[in-house]
Amino acid sequence: MSQKPPSLFTAMGGWHTLAEVIASRALFLIAYLLTDRVLTSALVAVVGVLVFAVIRVFTRRQYWQAAGGLAVVAVSTALAGSTGHGVDFYVLGVVVNVVAATVFGASMLLRWPLIGLVVTAARRERAGWRRNHVQRRRYNLCTAVFFAKFCFATAVMVPLYLTGQVVALGIADTLLTIPGIGVCGYVSWRILRWPDDRFESAVPR
């Protein structure tokens, strides 16, 4: 019996990675509200993610995923610590949303919707889905869901970053980045499971 290949979500660390990223953002924000010190708040976030990483290594032996979570918060800490500006702890989230909006939008314009590439790669399938009109429209719609999310997050977070609103940016980053991606993932999952007849009648060509 062949083993089912892991999903992309599992390969990236699954819910543990999401929890680490959300925790680092939330811990920084809470510490900043309590201390009003950028470096102290960043170090609190590092310690919090370090605890997550140690638990992951000893319980699940997930070394690379643990290192990835630490690397993200370490870069955020370095950026905020070097400038002394709290908003720079969240600059990675801002950049990710801007770049992702560009990439997802470009993939739709090029008729290679990114969700189609990601899902078929995770399933180890070939690019035959592009000749299936219904499947291509499904992947295009899923990509459009993510594109809308990244555009919305960019429109909210960029002005907050440019005006130096740390607390508002921290809340927006915590809610719109990882949880937002989770919502898009669920919506896309529902789209991909939609029966063909109902999908074709509901989604215009």
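## Briefing: an all-helix fold and its contacts

With just 4% relative accessibility, Arg25 counts as buried, because that value falls under the 20% cut-off. This is a good place to enter the structure, which is a predicted model. The protein chain has 10 helices and 0 strands, and Arg25 sits in one of those helices, H2 (residues 14-35). The points below start with the chain as a whole and then move to individual contacts.

**The chain as a whole**

- Read from the N terminus, the elements run α-α-α-α-α-α-α-α-α-α.
- The chain has 205 residues, and 38% of them are buried.
- Among contacts with a separation of 6 or more, 67% join residues that are 24 or more positions apart.
- The accessible surface amounts to about 12000 Å², and carbon and sulfur atoms hold 68% of this area.

**The salt bridge between H8 and H2**

- How many salt bridges does the structure contain? The count is 1.
- The partners are Asp173 and Arg25, whose closest N and O atoms are 3.2 Å apart. This pair connects distant parts of the chain, as Asp173 belongs to helix H8 (residues 166-176) and Arg25 to helix H2, with their positions 148 residues apart.
- Is Asp173 buried or exposed? Its relative accessibility is 3%, so Asp173 counts as buried under the 20% cut-off. As noted in the lead, Arg25 is buried at 4%.

**A nonpolar surface patch**

- Leu33, Val167, Ile171 and Leu175 make up a nonpolar patch on the surface, and together they have about 350 Å² of accessible area.
- Which helix gives the largest share of the patch? That is H8, with 3 residues.
- Ile171 is a residue of helix H8. Why does Ile171 count as partly exposed? Its relative accessibility is 42%, which lies between the cut-offs of 20% and 50%, so the label fits.

**Aromatic contacts**

- There are 8 aromatic pairs in the structure. One of them joins Phe89 and Tyr90 in an edge-to-face arrangement, with 5.4 Å centre to centre and 80° between the planes.
- Phe89 has 0% relative accessibility and therefore counts as buried. Tyr90 also comes out at 0%, so Tyr90 is buried as well.
- Phe104 and Phe146 give a stacked pair, 5.6 Å centre to centre with 20° between the planes. Here, too, the pair links distant parts of the chain: Phe104 is in helix H5 and Phe146 in helix H7, 42 residues apart.
- Both Phe104 and Phe146 are buried.
- Phe89 and Tyr90 also belong to one aromatic cluster along with Phe28 and Tyr32.

**Helix H6 and its surroundings**

- Which residues of helix H6 (residues 114-122) are buried? They are Ile115, Gly116, Val119 and Thr120. Looking down the axis of H6, these buried residues fall within an arc of 120°, so they line one face of the helix.
- The general geometry helps here: an α-helix has 3.6 residues a turn, so residues three or four places apart point the same way.
- What covers the buried residues of H6? The cover includes helix H5 (91-109), helix H7 (133-162) and helix H9 (178-192).
- Arg124 follows H6 and has a positive phi, near 60°.

Methods
Residues are numbered from 1 along each chain as its sequence is written. This is a predicted model: local features need pLDDT of at least 70, side-chain atom pairs count only at pLDDT 80 or more; totals for chains, interfaces and linings use all residues. Side-chain values use heavy atoms; hydrogens and water are left out. Buried means under 20% relative accessible area, exposed over 50%, partly exposed in between (1.4 Å probe, protein chains only). Helices (H or I, at least four residues) and strands (E, at least two) are DSSP runs, numbered from the N terminus. The arc is that of the directions from the helix axis to the C-beta atoms. Contact means heavy atoms within 4.5 Å. Rings of Phe, Tyr and Trp (its six-membered ring) pair if their centres lie within 6.5 Å; planes under 30 degrees apart count as stacked, over 60 as edge-to-face and the rest as tilted. A salt bridge is a side-chain nitrogen of Lys or Arg within 4 Å of a carboxyl oxygen of Asp or Glu. Patches are made of residues with over 30% relative accessible area and no salt bridge: like charges are joined within 9 Å, nonpolar side chains (Val, Leu, Ile, Met, Phe, Trp, Tyr) within 5 Å. Accessible areas come from the Shrake-Rupley method with a 1.4 Å probe; for residues, only the protein chains shown count as cover.
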